[in-house]
Structures are given as C-alpha cells and as structure tokens.
Amino acid sequence: MKLNSKPTICLALFLFVCVKLNFAQTDKNIELKVSNLVAKMTLEEKVGQMAQITLDVLGDGQPFKLNESKVKEAIQTYKLGSVLNTSDNRAMSTAQWNSIVETLQGKTKTTALKIPLIYGFDAIHGATYVSGATFFPQAIGQAASWNRQMVKDAATITAYESRAASVSWNFSPVLDLGVNPLWPRIWETYGEDPYLVAEMGKQVIDGYQNPLGNKNHVAACLKHFLAYSDPKTGKDRTNSWIPEHYLREYHLPSFRAAIKAGARTVMVNSALINGMPTHINGKILTDLLKKEMGFSGFVVTDWQDIDNVYKRDKIVATQKEALMLAINAGIDMAMIPYEYKDFCRDLIALVKEKKVPMSRINDAVSRILRVKYELNLFDVPVTVSSDYPMFGSKEYEQKAYDATAESVVLLKNKGNILPLNSSAKILVTGPNSNSMRTLNGGWSYSWQGEKTEQFASKYNTILEAMQNRLGNSNVSFSQGVAYKMDGKYYEDSIVDINDAVVKASQADYILLCVGENSYTEKPGDLNDLNLSENQQQLIDAMIKTGKPVLLVLNEGRPRIISKFEPAMAAIIDLFIPGNFGGDVLADMLIGKINPSGKMPITYPKFVNALTNYIHKPSDAQSNPQGVYDYSADFNPQYEFGFGLSYTQFEYSGLSTNATSFDSDDTLEISLTVKNTGNKTGKDVVQLYISDLVASLTPDVKRLRDFEKIELNAGASQTVSFKLPMRELAFVNSNNKLVLEKGEFNIQIGKLQQKIKVKETKIR
Ligand code: BGC
C-alpha cells in the first residue's frame, strides 16, 4: 500500500497514535497488575518466584513421569516460579510436553496467588528438545547466509514450535562475538563482527517475540551478558581480560541493539571478566544493563552459577555469601537448578538479616512478573499441540532447506570443478560423511547432540543424499575414520583407510567429509586447532590417490587445513547445517543450488595466528623492509566476508551524496552490481569503512552495512546504503563515544572512495 494521499496519511497517523496509546495503556495495566501482586506477596512467595529448577528435580523415569509429591513440594510449598530444560536430557513429543506443562501450571492454580510458571529451554536452531521439530542451521551458518529475513523466519518458526510444546521462554539468541576460534561455542554465535551479530540478533528478537503475548511467540533470552566468548585461554567458562572501552566497542553493540528491539530477558556470562565473576558484577548487571541501557526485563543466571562464585572462583567461602553478592549485583532469577531449598532458605535469611534489601527483592520479582504478564501466561499458561498444525510441516521443512542452502560457503573451486555432472562417480568418505549427529551438532535432541541418530533418522546424511541424487551405482562409500560415539567428542579412530584408497581408484571424485563430532560448552574444549591425526592421515591418503578431492568441512569452529589446502580441488564449509545439510550439499554439488554464503568469521591458516578481521594497523604490517618481511602478519586462510559463487559479480560506479560531512549528516552510498556470469546467483554486497587516523589506533576496517541481492545472469542492480555518520564513532580510552574529524575510506569489493568528517558533535 502506498501512503500518498492526505486522508490515507491522516488515517495512518491516527492508527499509529492509537497503537501507541494502546501500548502505553497495556504497559500501564501491566505495571499496575505487577505492583498490586507484589504488594500481596509474602517474602517466601517472592523468593520462590526468583528460583528456577530443572525438570528432572520434579520426576524421573523413561518415559519421564512427574512425581506428585515432588511437584507439590516445589510449587505448593516453595512456590517456585520457573522450570527449565527437558527430562533425562532427551527430546520429548509435543504431547508429552503439553501434559507436563499442564500439570505444573495446574499446580500453580492451587497456590494462594496462582502465579503461573515461566518455562524455559534452549531452542537454539529449532526447538532442540521437541521431537519432530524443524531444525535450521546453527547460528554460525545462519549468519553465513547474511540473509536477515531468513534468520527472522527461522526464529518465528522456532518460537511457534516451542509454543506447540507449551514452552514460552527461549534461552536464545547467543549474541556473544565469535572472536576466539578455540572457544567451543563459536558455532552458537552469529560470527565475529559486532554489526553482523547485532543485525542478526534484531531479526531473531523480532521472530521470537513479535508480538509478545500472542500464543505463537516466546520471550527471548540474550546471552551471555557480557563477553563470555572472549576468554584468554579459549576454554569455556574461563576468565577474559578486557578493558571497558573494548567491551563497549565490540561486545556491547549486539546486546544494546537487541534490548532496543525489546528483548525481555538476559542470561549472564558464566565466566569472569578481569577476574570478577560476571554473576556478582554490579557494574555490568545493574549499572550498565539495567540503568544505562534501561533494560526492564529480568536477568537470569546461567546453570548453577551462583555456586560457581564460591565453589569455582573462590571469591567467598559460602553459598550464602555468594548468593548475597549475586542478588545485590542485579540477579533476578537463579537457575539453581537442583538444590532449591538452600537457595530459598538462604535468601529469606539474607533479607531478614538486612544483607539483601527488600527493595532489591521487590525489583527482581516485579521484573519477573512483568514478563509473565507480557507473555499472557496468567491467561494462557499452557497450549495444546493441536493448535499448532504447522509444527514440523513440509512448509517449515522447506524453509529450513532454503535457509541451509544459503548458509553453506564455497571456499575453493579450482578450475570451476563444481558443479559436477550428475553422472559422476563419487567416493564418499570421512567421519562426517554418514552422520546426522555431526550435521546437527550440540543442542540437538539432547545437550551434546549424541542422541541425534535416534531422532533424525528420516533425514539424509551426506552419503544418503548423494546416493539419492546420483544413484547408488555412482556413489561408493568407505568411512575411513569414525568418531567414538560414546566417548569424548574429539576421539576418533581409523576404520580402514586402505578400503577408501581402493574405492577411490574406481571413482572420478572423492567427497571427503571431515571436521568435528558434536559438542557444546566445557565438554567441547580443545587443545589443538589442527584436525585430528587420524583425519589428517585419511586426507593424505586421499590426496595420494591423485583423484580430485572435494573437501567438505562440517565443524563448529575453523579447524586448520593449511597443510593440505593446496591439494584440494574444492572446499565447502557446511558449518553445522542441521537436518538438511546432506540434501543441500548434494544439490550444491550438482548445481541445483548456487552457493551464496559468506564467512561470518575469519578462517585462520595457522594455529598460532588467530587475528580477526577487526584488527589494528600494527597487527598487519605488510611493509617488508630489507630482509625483514612482516607481510605475513595478518594471514588468514579465508577472510571474513569471503565466499564463492558459481557465477561472478562485478561492482562499478561507487558514488556518495557528498564528500565532506558533519556528525548529524547521513552518508548515502550507491553502486551498480552486475552478474557477469551465466547463472542466476545471490551476492552479499558488503560496506566496509576505515577511520584513517584516530586518537585510539583505529581498526583497519569495519563492516557498516550489507545487502543480499539476487541477480539473473547478465542482470544489473543499483544497491544503496544510508549510514548516519554517528555510526562511525568509536569508544575511546576514556570510554566515551567519539567521532573525530578527518578522513575515512569507503570500501565495497575493490571499489574505494574517501570522505571527510569536517565537524562533529560526538565528543
Ligand atoms: C549454558 C546456557 C544454557 C543453560 C540452560 C548453560 O550451561 O551455558 O547457554 O542456556 O545451560 O540450558
């Protein structure tokens, strides 16, 4: 609809004002309900609201059964406010979920105040713990699509399918920056760039929450606030050393954008910043998040993390002291998750001893109740799966397939060896070649993803998809190396490399699928970024056959491939693509899909050279001087933003609306993109800008916007960007946002143009 006539504009304005008024009304109503309810609550009831337990505390068995007396004690006696997780670490059907949540919510109705529970789980790439749910690529792959709408659609479907299971709170998205390739959760992030992560985060919040209170949506939980992903050791839940201006410049923007977009809950970084456990860091949780950023939702701890303050971090000697520090720092809800009686006893005592002010408790409880009202849980505490006919539907599966198609990155295609002829004879080999588990990764049907084969058997592994596309007679199989299915994720063993060598001699190509088995969190810690010895042996043996090797990477983090990369004919990074990874790969190999993913992280070339694309001029001194050659300082295998297509795109005609600006101006940029190849394809036009001189050494370049477009062979399109100049400001060493006068360089592909900031109000 075009709003071009006066009456239409008036009507639109009127509607806008009504909607605004209505929102204000709703907010006011909710605030009134919250304060009325808090006024009626006993201290015991308030403390109960602040406690979250895991489902296993309330029952047992397989299939899981709630235990009447345990439920009664937790909900009636202790009046607990929240439950998380699945039971027995495995997915359940929507019917099982409905029945469990119905019983629990039913029990809250027998309490004096009838406050519903808020039930949460980790629906990271689809509703993880709901059997039959639609699974999308893990976040790193979604980011590699650089497709905002697609990321939103995935979130919308995930919210719908979580609600089909009566769960209304999702511990997602992870908005940590994926900057450390060793960190075992880099694949749960949307990559290493603050802008890309913020853009994807906004889409996810929109998809999960909009509109909140409707039965198809869930409350999002931003995690893990703040800087969880950047530990110095690279190991999960360890300390990071980060100055405040760096925190603000790089780690904060994604969270800031998501809170501005309305995200209702935040989960805390399970580790430490500068030696201080984040769970007791009032500067981060209260001063920054709640006061400065105006966050009005609630803050939940990560798993058992109040205990970690004394047990792991040795900050205090007792649980009670840790609890006091955490609640006073700004924790609203504790993911206990087992021993809730101690929590309730100690917090009640702390309030009575005046070590935790009642005002803090009232604030925490108000925040929790606010979100419960916003979610409409008082009226609709439970849903029924029959109201969700689209759950696991073909239409949703098609969305997941399409998302996967855009999430895969073609990294090498020597002599345009791809796409292949569909009559080609192929040997499929490698530990990732016949596994649904590796395609889905952690947070799939269970925490570590080890039960995936049981739940995802209807989908195709890479081998099965290749057989379906090329016919059994054209596809041979020899696994070569296998992961230990009941061991540590990094354990693998040689199956029979000779068999693979023999079968390779009868094939035209070798499809070599390597990478990692599934993992997440601490169990996924890593000591060596190289691929395992056994996988390297298989790779060497395949290279020696002389047959063209098409290398498929199915991994959660960039394992080093530089030693054998030159010998590869093609390289495809699947990341962790989900249930449609096999089908998409096969379709891409035969040209049914034209690759369009771009790297959301830097792929390092050496284990000890892990510089990100955002780095300082000193990190890349490409100025060889005599015998000293510094040109290899910044030497990634593949740069952030890189990815090939089966067609080519040419950029021309870069122009700007002016060449000199002040801080209130908007920079407008446009250029022409042409598909000069002979296939329809999608391109991601990436806008980078460099601040050429700054009082704090500037980043070499920064992503400031992007647009994904589709062009038919031979077609052209104008692409435009509008960037408020204030977006070019940076946080200086006094923690102030500043935009300094001087020259900036715009870079889009190989096109470049300089502009100037002549006047600035951001100081
Ligand atoms: C993880 C969180 C997760 C929580 C609940 C923790 O161990 O760090 O990301 O949301 O468990 O499952």
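The structure holds 49 salt bridges, and it is worth saying up front that the model is a predicted one. Side chains of opposite charge can pair when their charged atoms come close. Three of these pairs make a handy way into the fold, followed by a helix and the ligand site.

Start with a pair inside a single helix. Arg248 and Glu244 meet through their side chains in a salt bridge, with 2.8 Å from N to O. Both residues belong to helix α8, which covers residues 244-260, and they sit 4 residues apart, or about one turn of the helix. Glu244 is partly exposed, its relative accessible area being 39%.

The next pair reaches across the chain. Here the side chains of Arg360 and Asp332 form a salt bridge with an N to O distance of 2.6 Å. Arg360 is part of helix α13 (residues 358-374), while Asp332 is in the loop between α11 (319-329) and β12 (334-335), so the pair ties together parts that are 28 residues apart in sequence. How buried are the two partners? Arg360 has a relative accessible area of 10%, and because buried means under 20%, Arg360 falls into that class. Asp332 is buried as well, with 0% relative accessibility.

A third bridge joins Lys741 and Glu759, whose side chains come together at 3.9 Å, N to O. This one also links distant parts of the chain: Lys741 is found in the loop between β28 (737-738) and β29 (742-748), and Glu759 in strand β30 (residues 751-759), 18 residues away. Lys741 is partly exposed at 49% relative accessibility, and Glu759 is partly exposed too, at 37%. Elsewhere, bridges with shared partners join Lys290, Asp332, Arg360, Asp363 and Arg367 into one network. Two members of that network, Asp332 and Arg360, are the salt-bridged pair described above.

Lys290, another network member, leads on to helix α9, which runs over residues 282-292. Lys290 is buried there, along with Ile284, Leu285, Thr286, Leu288 and Leu289. Where α9 starts, a side-chain oxygen of Asn281 comes to within 3.2 Å of the backbone nitrogen of Lys283. After the helix comes Gly294, which has a positive phi, near 70°.

Now for the ligand. Which residues come closest to it? Of the 13 residues that surround the ligand, the closest are Asp122, Arg185, His224, Asp302 and Glu521. Sorted by type, this shell has 6 nonpolar residues, 1 polar and 6 charged. Several side chains offer polar atoms to ligand oxygens. In Glu521, an N or O atom of the side chain is 2.7 Å from an oxygen atom of the ligand. For Arg237, the distance from a side-chain N or O atom to a ligand oxygen is 2.9 Å. Lys223 likewise has a polar side-chain atom 2.9 Å from an oxygen atom of the ligand. As for how covered the ligand is, it exposes 310 Å² when taken alone, and the protein buries 96% of that.

Finally, a step back to the whole protein. The domain assignment gives domain 1 (9-387), domain 2 (404-589) and domain 3 (649-762). Between domain 2 and domain 3, the C-alpha centres are 37 Å apart.

How values were computed:
Residues numbered from 1 in each chain as written. Predicted model: local features only at pLDDT ≥ 70, side-chain atom pairs only at ≥ 80, totals over all residues. Heavy atoms only, no water. Near = heavy atom within 4 Å. Polar contact = N/O pair within 3.5 Å; in protein donor to acceptor, adjacent residues only side chain to side chain. Areas by Shrake-Rupley, 256 points an atom, 1.4 Å probe, with all protein chains shown as cover. Nonpolar A, V, L, I, M, F, W, Y, C, P; charged D, E, K, R; others polar. Domains from an automatic or database assignment. Salt bridge = Lys/Arg side-chain N within 4 Å of Asp/Glu carboxyl O. Helix = DSSP H or I, 4+ residues; strand = E, 2+ residues; numbered from the N terminus. Buried < 20%, exposed > 50% of the residue type's maximum accessible area, 1.4 Å probe, protein only.
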